[in-house]
Amino acid sequence: MRIASQKMNILKIKNIGAFVIMIGVLISLVHGKSDPVYNDNCQLLDTTSYEDANHIYKVCYAVWELANTTPDCALKLAYQAMPITLKHGDPARIAFLYSQVGLLHKKEGNLNESVKFFLREIDAFESNQIKNQSLALAYDNLAKVYIRQTEFAEAIKAHEKSISIVQNLIEKANDDDQLQSLEKDLCFYYNNTGNTYKRLSDDKYTEEERKEELKDEDIQALANFRKHLIVAQTFPDPTEYIKGCVNTASVFREIGYLDTALAYILRGEEKFFAMEDSIQAISRQVLASIFTQKGRIMEEYCNLSEATSLHHSARKIYSELKDYSLLVLPLLNLGNTYESFGYLDSALYYYQSALKIEQDSLTIIEPGRKEKILRSLSSVYAKQHEYQKAYENFKLFSDSKINSLSQQRDTSIKNVKENAKLWRENEKRKEEFEYEKQKNKVIIGGMFLIALAAGFFLYLNDRNQKLAFAKIKSDKAAEREKFENEISNITLEAEEKLLQTRNEVQENAMRQAGKDLHDEVGNTLISLKRTLDLTPLIVDVSQEKIKDHVSLIQELVQISINNTRLVTHNLNTLSLQGGLISALEELIGRSKKISEETRIEFKAFNLKEETLKTRAEVYLFRIIQESLSNIMKYAQAKNVFIQLIADNNNLKLDIEDDGIGFNYDPGSTKAGLGLLSMESRAKELGGTFQLVSKENEGVKINISIPLKKITHQNK
């Protein structure tokens, strides 16, 4: 993978170096100026200098610097900087800001928001035709969030994008330093892709299924680790090659090829100990991973002594490195090893030690790994017949945020639940037996037996009467519920009809008002203007004051004519004859003329001619028209974003501005007629209407309408 030509071509590396240069400039600018960019309340200072590129650099760097120390403050600064960075910043700065917001949301666990901003980062690069290492990293960050959401198919697509981008950059590279950097990135993405395929296989199949038949996911994982090894074998530093050996061995061990797995581990171990002592000292984490995998293989070979020794060696390295997040792994492996050989007390000790790390070191254990610890604790307690503790750990396990569970995990949960149930039933039988034993001592003589029989007969009779009464009561309740449901459905249908009629009447009234305004007021104003135009011919207007007065009246009449035409156009829906998109573009053009300081961005995706018909087009046009009218009047917004997207199931309309906003209460009855009209039109189309706004935070309107509702209404 070496490039034959060594010619310098600045254009080929321009995009690759742009982002790196930006970070360097950020650092030099921030350290070269002592003035702060934000106050103690995380509010930006000197926002008037946003048009200065240096100030935007400083703000971006402040966000990056605070991301690991004070993420809440970093997020506030990023959202404040975003609107004007979009307006004045270049694509690299915009992408950088999106990337930081995506990483911050991922850290906070807001995965949907994280996905949204990583996609915006990718769009910022691709819309400007920038294909560089930063774009590949953006796809990799997106893949990691998809993995957290257990959307493995989407994660793999993102991984493949990263690989494709780096491969294209390698083909165009023209110096060894750049090539080596790109090849290291390629190893990184091959490794991540292989691990995702491996995790997908873990999620879909049990250990027995994977060992019984080689799965496609495992084949793909091995293929990516193999590519990793091929690229890494040319590196002077063998660390990457060793990582590839460890990862390959882990897959072979899990699918039952123990000899092959051991061969790869020994190859990696040989490479490690062949390195210089100075390199070994800084690569001890790699050695710990070798010990971990080798210990798991020895466990499969039933070599308890060597397996525990290797796991203890890995634990010692992670402890010395104070890497508490990875220290959990050898503790979990020690617990698994001791449990598999029947040493339950030792297994319990190491499982509890792994879980205690989170409390003592404030280290957040990876959700999937924490899930394994809780499941293992439950399993050990069940084997020790401590069913109450087993059930408590099972409860913690079931409350885990991991959504996907393999069949093996489902089976272990079922076993714990059944054991807990058997324990409770056994305890109940013991109590019943003791009760019967005491009762038999009291029962003496035949009279007592007769009394007991009579009492039992009376009990049965009373129970039957209660059951009959309960059935009658239940039937009446069911009938009442059915009646109430019918009344509710009738009421709902009536409300929908009323809503539809009201909107149709309103639309007809608006059209008639527009027609009357055009025919009556408009024609009258035009006649008045023509009369004024004739004034100089009839009256002597040579005097300056009279001439100015007549000119002023003519100007006011012309303004009235223009306003009348604008109102008439807004009231009528004739502009929709050319289609909704054309009408909206015309509406936005008029709005821009009203307020030239407001930037309005409109995008429509997948909107075909057959998607919308008459009423849906009119209602959507009116909603956007009303929203733009409110923004122009009250919002004082600099930027307005309108998106109309159709997918396989829904039509979504998003309207967002960065204006002054207002404190909106969805449950309040004080909402204006405009907002009520927008909400009623959305609901009549069978959709949902959501408005979110707070003072100084702009307004967001989200409307979602099922396409099948629109299709049904069109028919």
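Two strands count as paired when DSSP finds at least two bridges between them. The structure described here is a predicted model. This report treats the sheet and its hairpins, then the helix packing, and finally the aromatic contacts.

**The five-stranded sheet**

Five strands make up an open sheet of mixed pairing, arranged in the order S1-S2-S3-S5-S4. Its edges are formed by strand S1 (599-605) and by S4, each of which pairs on one side only. On average, and with direction ignored, neighbouring strands of this sheet are turned by 5° against each other.

At the S1 edge, S1 and S2 run in the parallel sense, joined by seven bridges. Within this pairing, Arg 599 has Asn 639 of S2 as its bridge partner. S2 (residues 639-646) in turn pairs with S3 (residues 650-657), here in the antiparallel sense and again over seven bridges. Three residues lie between S2 and S3, and the two strands form a hairpin. Across this hairpin, Phe 641 stands opposite Glu 656 in S3.

At the other edge, S4 is joined to S5 (residues 699-706) by six bridges, and these two strands run antiparallel. Leu 691 stands opposite Ile 701 in S5. The S4 and S5 hairpin has five residues between its strands, and Asn 696 in this hairpin adopts a positive phi near 70°.

The side chains of S4 (residues 688-693) alternate between two faces. Phe 689, Leu 691 and Ser 693 point to one face and are buried, whereas Thr 688, Gln 690 and Val 692 point to the other face and are not buried. Leu 691 therefore belongs to the buried face of this edge strand, since buried residues are those under 20% relative accessible area.

**Helix packing**

Two packed helices are described by the angle between their axes and the distance between the axes. The table gives these values for three helix pairs.

| Helix pair | Angle between axes | Axis distance |
|---|---|---|
| H3 and H4 (residues 91-108) | roughly 155° | within 10 Å |
| H5 and H6 (residues 133-148) | about 160° | 9 Å |
| H14 (residues 284-300) and H15 | roughly 160° | within 8 Å |

With its crossing angle of roughly 160°, H14 is roughly antiparallel to H15. The cut-off for this description is an angle over 145 degrees. H3 and H4 are likewise roughly antiparallel to each other, and so are H5 and H6.

The handedness of each crossing can also be stated. H3 passes H4 in a left-handed crossing. The crossing of H5 and H6 is left-handed, as is that of H14 and H15.

Tyr 318 is a residue of H15 (residues 304-321). With a relative accessibility of 4%, Tyr 318 counts as buried. Pro 330 is 12 residues away from Tyr 318 in sequence, and the C-alpha to C-alpha distance between these two residues is 8.8 Å.

**Aromatic contacts**

A pair of aromatic rings is described by the distance of the centres and the angle of the planes. In this model the count comes to 10 aromatic pairs, with ring centres within 6.5 Å as the criterion. One of these is the edge-to-face pair of Tyr 79 and Phe 117, with 5.8 Å from centre to centre and 80° between the planes. Tyr 79 lies in helix H3 (residues 71-88) and Phe 117 in helix H5 (residues 111-127), so this pair ties together parts that are 38 residues apart in sequence. The two partners differ in accessibility: Tyr 79 is partly exposed at 36% relative accessibility, whereas Phe 117 is buried, with a relative accessible area of 1%.

Phe 662 and Tyr 664 form another edge-to-face pair, in which the ring centres are 5.9 Å apart and the planes stand at 85°. Phe 662 has a relative accessible area of 34% and is partly exposed. In addition, one aromatic cluster is formed by Tyr 338, Tyr 343, Tyr 349 and Tyr 350.

Charged side chains also sit over tyrosine rings. The charged end of Lys 271 is placed over the ring of Tyr 241, at 5.2 Å from the ring centre. Similarly, Arg 681 has its charged end over the ring of Tyr 619, 5.2 Å from the centre of that ring.

Methods. Residues are numbered from 1 along each chain as its sequence is written. Side-chain values use heavy atoms; hydrogens and water are left out. Rings of Phe, Tyr and Trp (its six-membered ring) pair if their centres lie within 6.5 Å; planes under 30 degrees apart count as stacked, over 60 as edge-to-face and the rest as tilted. Helices (H or I, at least four residues) and strands (E, at least two) are DSSP runs, numbered from the N terminus. Buried means under 20% relative accessible area, exposed over 50%, partly exposed in between (1.4 Å probe, protein chains only). A charge sits over a ring if NZ of Lys or CZ of Arg is within 6 Å of the ring centre and within 35 degrees of the ring normal. Axes are lines fitted to C-alpha atoms, for helices over the stretch in contact, and angles run from 0 to 180 degrees between N-to-C directions. Angles under 35 degrees count as roughly parallel, over 145 as roughly antiparallel, 65 to 115 as roughly perpendicular and the rest as oblique. A crossing is left-handed if the near helix is turned anticlockwise from the far one by less than a right angle, and right-handed if clockwise.
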